[in-house]
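Open the model in a viewer with the residue numbering switched on. The stops below are meant to be selected in order.

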Amino acid sequence: MTDVTKTIGEPDSGRSDQLSGSEEPIIAQPASSNFDAAGRYERIDIKPFAVRITRRVITHTFGLWSRISTTIVKRMGWFPRVEPYVGYGTGAYSRLICRTVYAPINRVSGLVQRGIRNAFMVPAAGIRVRISIDNTELRTVQVGVSEAYDAVDNSRAKSSEYAISDVQGYLDLVTERDLTPGVHDVSYVVDGRRPCHAPLYTFPADAEVGIISDVDDTVMVTQVPKLWRAVYNMLFLNPSKRMSVPSMSVFYSKLSEQFPDAPFFYLSTSPWNVESSIRHFIDEHGFPEGPLLLRDLDPRPKTFIPTGVQHKLEFVEQLMADFPRMRFILIGDDGQKDPTTYATIARRYPGRVIAIGIRQLSPGESGRPLQRVTGVTASRPTPVTDVPVFYGLNGVNLMKTMLPYLRNLFK
């Protein structure tokens, strides 16, 4: 991902990255996604009275902080830029995700840096973004700041050449265009900045198998059950010093060899602010490439902050809908209720889950007093499901049990 800054006041050069030749524009429309849609189980209005009041106070306080911080950074000479995230899709459509934030004139997108520097990004709301895929521009039907939260503003419907970010700076668009399977280039342009780019992974519409993997303590050692350690690792640890779970990259490579057309989707309860750091980790440690699906930690008026379990449930359900013919292998760990979460998915979507792999946390990672004393790793009770569940301390353990089963299943 790159973002080359130009001097304020220069003519906007983004148009050179737009429509090419006789290509017809790509039609796009806003998606009702986890960014701006109120989840069935997370809506504030179904919570107890005390919870509703507390969450609304926090939401209004955060809104006040956003307005104050926006005023401050504008006075400091900061202006909007795009933070692009990896998109995905099939040959018929694509889902594009990005966020507009305020940044100094010399700040570029996608930098790999300590999480504390990304944690306090100031969202830039209502910013016009021009988008193109492989130099063919998007035309959007969006007419409001956010169709899910804000009233339609007809004054914003003057042009379809750009999309408008929502109140927290997010843009989540679904495009309609046949694309060949592979990696495509998406360009994002806002006034005063040169284009920044992100990959778009296009998967075959007839792909039979997909892999959905947790990130925290499944592929990357984060020690999420230890809250203080997880916060330190996310905010202050040098990204280059993050450790991979032993042999998990080898296990994933074997899965990729067995299912060469299978896409890998990575789920994490980490915020979108640290997307670039996790992306760098996946590349550096040899894990198969694929889209990251992270969490928005900004309190929302209707849903507040989705829990980690609900975040994973909603995104897995979204992938089930995005790829209705695909069956999935689910991989997680036993430190964040992944066994129960994945079993819930298997029950909701009979026949869509092939197998579940659960990496067991060591006593030191789990933070459970009994395990630390005994030195024994004990998983939570295996959830009730018709789908086979495989447990292992690392990638080698899971390879010995899951791979033979999958080979026999797909003979």
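A residue is called buried when its relative accessible area is under 20%, exposed when that area is over 50%, and partly exposed in between. The model in view is a predicted one. By the first of these cut-offs K312 counts as buried, because its relative accessibility is 1%.

**Stop 1: the parallel sheet**

Select β12 to β17. These six strands make an open sheet with parallel pairing, in the order β14-β13-β12-β15-β16-β17. At its edges are β14 (292-295) and β17 (389-392), each of which pairs on one side only. Ignoring direction, neighbouring strands of the sheet are turned against each other by 20° on average. Strands of a sheet pair through backbone hydrogen bonds, either parallel or antiparallel.

**Stop 2: strand β15 and its neighbours**

Now select residues 327-333, strand β15. Six of its seven residues are buried, so the strand is largely enclosed by the rest of the structure.

On one side, look at β12 (residues 209-214), which runs parallel to β15 and is joined to it by five bridges. Here S213 stands opposite I331 of β15. Next look at β16 (residues 353-359), paired with β15 in the parallel sense over six bridges. L330 has I356 of β16 as its bridge partner. To get from β15 to β16, the chain passes through helix α7 (residues 338-348), and this β-α-β crossover is right-handed.

Move on to β17: four bridges join β16 to this strand, and the two run parallel. I358 stands opposite Y391 in β17.

**Stop 3: helices on the sheet**

Add helix α10 (residues 395-409), which packs on the sheet and touches β15, β16 and β17. The direction of α10 makes about 175° with that of β16. Add helix α4 (residues 248-258) as well; α4 packs on the sheet with contacts to β12, β13 (264-271) and β15. The direction of α4 makes about 175° with that of β15.

**Stop 4: salt bridges**

With a side-chain nitrogen of Lys or Arg within 4 Å of a carboxyl oxygen of Asp or Glu as the rule, the count is nine salt bridges. Three of them are worth displaying as sticks.

Start with D214 and K312, whose closest N and O atoms are 3.2 Å apart. D214 is in strand β12 and K312 in helix α6, so this salt bridge ties together parts that are 98 residues apart in sequence. D214 counts as buried, at 0% relative accessibility.

Next, select R348 and E317, a salt bridge with its closest N and O atoms 2.4 Å apart. R348 belongs to helix α7 and E317 to helix α6; the pair therefore ties together parts 31 residues apart in sequence. How do the two partners stand in accessibility? R348 is partly exposed, with a relative accessible area of 32%, while E317 counts as buried at 16%.

Then select D322 and R95, where the closest N and O atoms of the salt bridge are 3.5 Å apart. This pair links distant parts of the chain, with D322 in helix α6 (residues 308-322) and R95 in strand β4 (residues 93-103), 227 residues apart. Relative accessibility is 12% for D322, which counts as buried, and 7% for R95, which counts as buried too.

**Stop 5: helix α1**

Select residues 49-75, helix α1. What span should its 27 residues have? At 1.5 Å a residue the expected value is 39 Å, and the end C-alpha atoms are 40 Å apart, which agrees.

Colour the buried residues of α1: R55, T59, F62, S66, S69, T70 and V73. An α-helix has 3.6 residues a turn, so residues three or four places apart point the same way. The cover over the buried residues of α1 includes β4 and β5 (122-123). After α1 comes G77, with a positive phi near 90°.

**Stop 6: two loop residues with positive phi**

Most residues other than glycine have a negative phi. Select D217, in the loop between β12 and α3 (227-235); its phi is positive, near 65°. D217 counts as buried, at 1% relative accessibility.

Finish at S247, in the loop between α3 and α4. S247 is not a glycine, but its phi is positive at about 65°. With 21% relative accessibility, S247 counts as partly exposed.

How values were computed
Residues numbered from 1 in each chain as written. Predicted model: local features only at pLDDT ≥ 70, side-chain atom pairs only at ≥ 80, totals over all residues. Heavy atoms only, no water. Buried < 20%, exposed > 50% of the residue type's maximum accessible area, 1.4 Å probe, protein only. Pairing = 2+ DSSP bridges. Right-handed = clockwise from strand over helix to strand, strands pointing away. Expected span 1.5 Å × (residues − 1). Contact = heavy atoms within 4.5 Å. Axes fitted to C-alpha atoms, helices over the stretch in contact; angles between N-to-C directions.
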